[in-house]
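Student: Could we go through this protein together, one question at a time? I would like to practise reading a fold.

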Amino acid sequence: MNSRSIRLASLPFLFAVVAGSASAQIGTIVLPSGTGNDPRSVHVIGNGHVVVCDQVDGWQHYVDVSVPSSPSLSASLNPPFGDQWFEAEYTPMYGGRLFTAHRGGGINLVDVSVPSSPVVLSSVLSNYHFRGLRYQRDGAQGVLHYNETNLGLGTYTVTGAASVLSPSPVWNNYANNGTNDGNGLELIGNQLYQFGVAPGNPTMRVLKGFAVGVPQSPVQNFTGFWSNQNSSHTQLRKSLLNAPRIVASKWTDGLEVLDVTVPTAPTTFPILAPIPNLTMLCWGAKPFPNSPLTLAYGQVWLTSNPSQKWHWWMLLIVPASGAPFNAGIVLTPFETHDIDVDANSGRIYVVGRNPAGQGVLQIF
């Protein structure tokens with residue numbers, strides 16, 4: 001299938017899913033109201049459930065989606081620390097574990113193997129976090145790579161059948177001068193990629209690479225500068241084609257696809273650049289399993305009128321090699337904050353806020 005036929009085949013999907021049409025939306029649930037009503041992450045966790053994590057109050061909501069037309073709440077959990085600013089991290093190891101990091105500091109490890117009875121197994125102190133968590137298996141154990149905002153990268157061990165986090169990083173490159181920031185993290189094989197601020201220049205962002213063949217001892221092996229950027233909230237998500245590609249959603253500074261075929265010499269493909277007189281907010285992107293499709297999402301408004309915002313979805317085609325491209329962009333009636341896809345069922349789980357300002361989970 002050539003790029004034109006992919007584009008034509010993808011557009012009906014995009015327009016069918018958008019607007020929550022009866023033909024595409026399977027089910028929806030309004031999540032329990034709380035401070036901010038602002039869900040920030042969704043993860044498929046097995047046993048017919050997804051977990052949604054809120055921002056301001058930090059609550060977690062475990063939703064039974066085994067009957068997708070009628071999702072129901074199985075449990076809610078209020079873990080320590082509150083305020084989960086962006087994504088969580090899930091691994092099926094140990095029966096199912098969820099990691100959450102919190103804006104004011106703190107990391108939780110939660111046993112989600114029984115979604116109706118989630119249990120906090122481990123809570124450790126940290127300083128500050130916006131974005132960037134990745135679990136890496138290490139034999140029968142594992143590590144959690146963690147972005148400490150304004151400090152750098154820290155690596156925690158995850159050990160034992162109870163999955164206990166080490167009380168502090170077993171490795172870090174923290175620097176207390178505010179120039180070793182970490183925002184955005186992705187793992188491809190034994191190479192870890194981190195996005196953050198460049199030393200001594202708050203308007204320049206830098207992509208760093210670390211060899212993690214020994215997971216507990218990352219070794220930085222390259223530093224590559226991107227163009228000037230005002231935002232530090234970049235999300236990095238890898239292609240699920242098992243290809244060396246990463247989609248970078250750069251908040252107010254556009255979208256890029258990184259090609260890391262040569263791990264220490266990434267190349268970039270700009271997809272969406274800043275537009276004069278418009279503020280384009282790129283919340284994030286979700287690659288689809290075993291497919292070149294990636295769904296990016298965000299908001300846009302006239303810079304002179306921030307009170308009127310529009311919400312958008314963009315379908316990206318990110319092939320295993322060659323140039324990626326935008327296959328279509330449409331406006332949506334709801335504000336999307338995160339997306340997950342179940343590779344087994346093909347269902348798409350979307351969390352965000354509806355026009356009434358309620359936190360919602362929608363199933364497509």
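Below, a student asks and a tutor answers, moving from the whole chain to single residues.

Tutor: Before we start, this is a predicted model, in which local features need pLDDT of at least 70 and side-chain atom pairs count only at pLDDT 80 or more, while totals for chains, interfaces and linings use all residues. Residues are numbered from 1 along each chain as its sequence is written, and side-chain values use heavy atoms, with hydrogens and water left out.

Student: How many strands does the protein have?
Tutor: Helices (H or I, at least four residues) and strands (E, at least two) are DSSP runs, numbered from the N terminus. By that rule the protein has one helix, and its strands number 29.

Student: What is the radius of gyration of the protein?
Tutor: The radius is taken over C-alpha atoms, and the globule rule is 2.2 Å times the number of residues to the power 0.38. For 364 residues that rule gives 21 Å, and the protein comes close to it, so it is as compact as a globular protein of that length. The radius of gyration itself is 19 Å.

Student: What percentage of the residues count as buried?
Tutor: Buried means under 20% relative accessible area, exposed over 50%, and partly exposed in between (1.4 Å probe, protein chains only). Of the 364 residues, the buried share is 56%.

Student: Which strand gives the largest share of the largest nonpolar core?
Tutor: A nonpolar core is a set of buried Ala, Val, Leu, Ile, Met, Phe, Trp, Tyr and Cys residues joined through side-chain atoms within 4.5 Å. This one has 23 residues, and Trp 313, Ile 339, Ile 348, Val 350 and Phe 364 touch the most other members. Strands 23, 24, 25, 26, 27 and 28 each supply at least two residues. The largest share, four residues, comes from strand 24.

Student: Which residues does Ile 339 contact, leaving aside its neighbours within four places in sequence?
Tutor: Contact means heavy atoms within 4.5 Å. Ile 339 is among the core residues that touch the most other members. Its contacts beyond those neighbours are Val 42, Arg 237, Lys 286, Leu 295, Tyr 297, Ile 348, Tyr 349 and Val 350.

Student: Which residue meets Asp 338 in a salt bridge?
Tutor: Side chains of opposite charge can pair when their charged atoms come close. A salt bridge is a side-chain nitrogen of Lys or Arg within 4 Å of a carboxyl oxygen of Asp or Glu. Asp 338 is buried at 2% relative accessibility, and its partner, buried at 11%, lies 3.0 Å away, N to O. That partner is Arg 237.

Student: How many residues apart are Asp 340 and Lys 286?
Tutor: Their side chains form a salt bridge of 3.3 Å, N to O. Asp 340 is buried at 10% relative accessible area, and Lys 286 is buried at 13%. Asp 340 sits in strand 27 and Lys 286 in strand 23, with a separation of 54 residues.

Student: Is Arg 131 buried or exposed?
Tutor: Arg 131 forms a salt bridge with Glu 87 at 3.6 Å, N to O. The two residues lie in different loops, 44 residues apart. Glu 87 is buried at 6%. With a relative accessible area of 2%, Arg 131 is buried.

Student: What is the strand order in the open sheet of four strands?
Tutor: Strands of a sheet pair through backbone hydrogen bonds, either parallel or antiparallel. Two strands pair if DSSP finds at least two bridges between them. Strand 2 and strand 5 are the edges, each pairing on one side only. The pairing is antiparallel and the order is 2-3-4-5.

Student: Which residue in strand 29 is the bridge partner of Val 351?
Tutor: Strand 29 is mostly covered, with five of its five residues buried. Five bridges join strand 28 to strand 29, and these strands run antiparallel. Four bridges also join strand 1 to strand 29, again antiparallel. The partner of Val 351 is Leu 361.
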